[in-house]
Amino acid sequence: MLRLLLLLLSTWMGSAMDRVPLRRIPSIRSQLRAQGLLEDFLKDHRPDMFNRRYAQCYPPGTASLRLGRSSEKIYNFMDAQYFGEISVGNPPQNFSVIFDTGSADLWVPSSYCVSQACALHRRFKAFESNSFHHDGRTFGIHYGSGHLLGVMGRDTVKIGQLVTLNQEFGESVYEPGSTFVTAKFDGVLGLAYQSLAEILGNPFFDNMIAQKIVDEPVFSFYLSRRTKTSTPEGELLLGGIDEALYTGPINWLPVSAKGYWQIKMESVAVQGVSSFCPRGCQAIVDTGTSLIGGPTNEILILQQLIGATPTNIGEFLIDCGRLSSLPHVTFILGGKEYTLTSEHYVRKEMFGNRDLCFSGFQAIDIVSPEGPLWILGDVFLTEYYSIFDRGHDRVGFAQAKHPIE
C-alpha cells in the first residue's frame, strides 16, 4: 500500500507538463492561391510598399517601423500551418495562436480593434476579465507581411491545465492590410528568447519557468506529415519530452546566440556533395515558418540543383512527375546528417483539378553578427522531433515517428 501511495505521489508531483494539440490548416499562401488573389497580395505587401502605405497610421517614432529584427520575419506567417488553443483572462476567453519559436511576443486581437482582420477573429474583452491589469503602453510589431499596433496589458493565460499569472501580452488594435484577414489563427504566442521581444516584460515561457509551472524548462514539438491518419496533427509539449513521438538518440546543439533559437550548422549537401556554407554557418529553428530559408544567392543555386523553376511571383515550381529522381538535401548539424528527400521538401497543392508541386526552400536574407542565417522551418521539423531546452540553452533533434500510410 505504501509503495502504491508513493507511486501515485511521484506521478502527481511530476505532472507539471501539458500537451497542446496542434491543428494543421491551409496556409495563407495556399488560400490566396486558391482564390486567385496571391499575385496581387504579394505585390501589395512588399515590405517597402507596405511601409509607405501604412506608416502614417502609426505614432511617430514607432520602433517597429524601422527595418530591424522583427521585419526580418518577412512573409513568416504566410506559410504557417500549425496552431493551437490558449485562453486569456478570468473567466477564460479562448484564442487560436501560432506557437512561434521565431518570435517572443504574445498578442491577440482586442475588442477595441478597428481593422477588418479583427472583425473576423475572436477578440479579447478586457472589461469582462476580473484579473486584467491595464498597462497603457503601446507597441508595434512589423512582420513584413503584416504590421500591427496595440496596447499592453497583464492577465492570466492558460494553456491546457497550466496557468500563468500576470502575463504581459499585447492587444492588437490596428492590423492594416489583408494578411491577418485571411489567417485562420487569432494571434501569436512567441517562444523565443526575451531579447527578441517587442512587448516589454517576460515572454510566456519565461514566466512559466519563473512561476515554477513546469517541471523542466523544456518544450518540444511534434509535427505530423500530411496524411489522412495523422493523429495528432501536431503537438506542443510544455515542460518535457515525449519519447513515444521519436526514435533513436537525441542530438543536442548549443544555442549560439540567445534571441532566436539559433544554432551552428556545419554545411548543406545536395546528393552527398557539400554545396553550401562549407565552413559552417548559423541557422534558426522556427516553428512559425513552414519553409526552409537561406541566403538568396545560395537558395537560387539550390533551386536549380533540385530542378525548380521560378514563377513571376517568386515561387519555384517542380515537375510533380520527376519527384523520384530529385536529389536528397542533407543538413549537417552537430556532426550528424539530417537528410530530406523530395517527398519531404516538395509541397503539393491542389489547384483546380490538378496537382502543383512547389519547392519547400525560399530565399530570405537575415543578417546577424555571426553571418547570414538559414531558417529550419516546418519542412525540416516535420521529419525531426524538436526539443527546446532553456535550462541548458540547447536544441535537440531526433527522428520523428510517423504512422505508415
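Two strands count as paired here when DSSP finds at least two bridges between them. Keep that in mind for the hairpin stop below. One more thing before you click around: this is a predicted model.

**Stop 1: the hairpin**

Select residues 329-333, which form strand S21, then add residues 336-340, strand S22. The pair runs antiparallel, with five bridges joining S21 to S22. Now show the side chains of valine 329 and leucine 340: the valine sits opposite that leucine of S22. Next, slide over to the turn, where two residues lie between the strands. Pick glycine 334 in this hairpin and check its backbone: phi is positive there, near 60 degrees.

**Stop 2: the whole chain**

Zoom out and switch to a cartoon view. You'll be looking at ten helices and 29 strands. How much of the protein is buried? Of its 405 residues, 57% are. If you draw contacts with a separation of 6 or more, 70% of them link residues 24 or more positions apart. Then turn on the surface: about 17600 Å² is exposed, and carbon and sulfur atoms supply 55% of that.

**Stop 3: colour by confidence**

Colour the model by pLDDT. The mean for the protein is 83, and 79% of residues come in at 70 or more. Select residues 1-15 next: pLDDT stays below 50 here, and the stretch makes three contacts in the model beyond near neighbours in sequence. Finish with residues 47-60, where pLDDT is below 50 too. Leaving out near neighbours in sequence, the 47-60 stretch has 28 contacts in the model.

Note on methods:
Residues numbered from 1 in each chain as written. Predicted model: local features only at pLDDT ≥ 70, side-chain atom pairs only at ≥ 80, totals over all residues. Heavy atoms only, no water. Helix = DSSP H or I, 4+ residues; strand = E, 2+ residues; numbered from the N terminus. Buried < 20%, exposed > 50% of the residue type's maximum accessible area, 1.4 Å probe, protein only. Contact = heavy atoms within 4.5 Å. Areas by Shrake-Rupley, 256 points an atom, 1.4 Å probe, with all protein chains shown as cover. pLDDT = per-residue confidence, 0-100.
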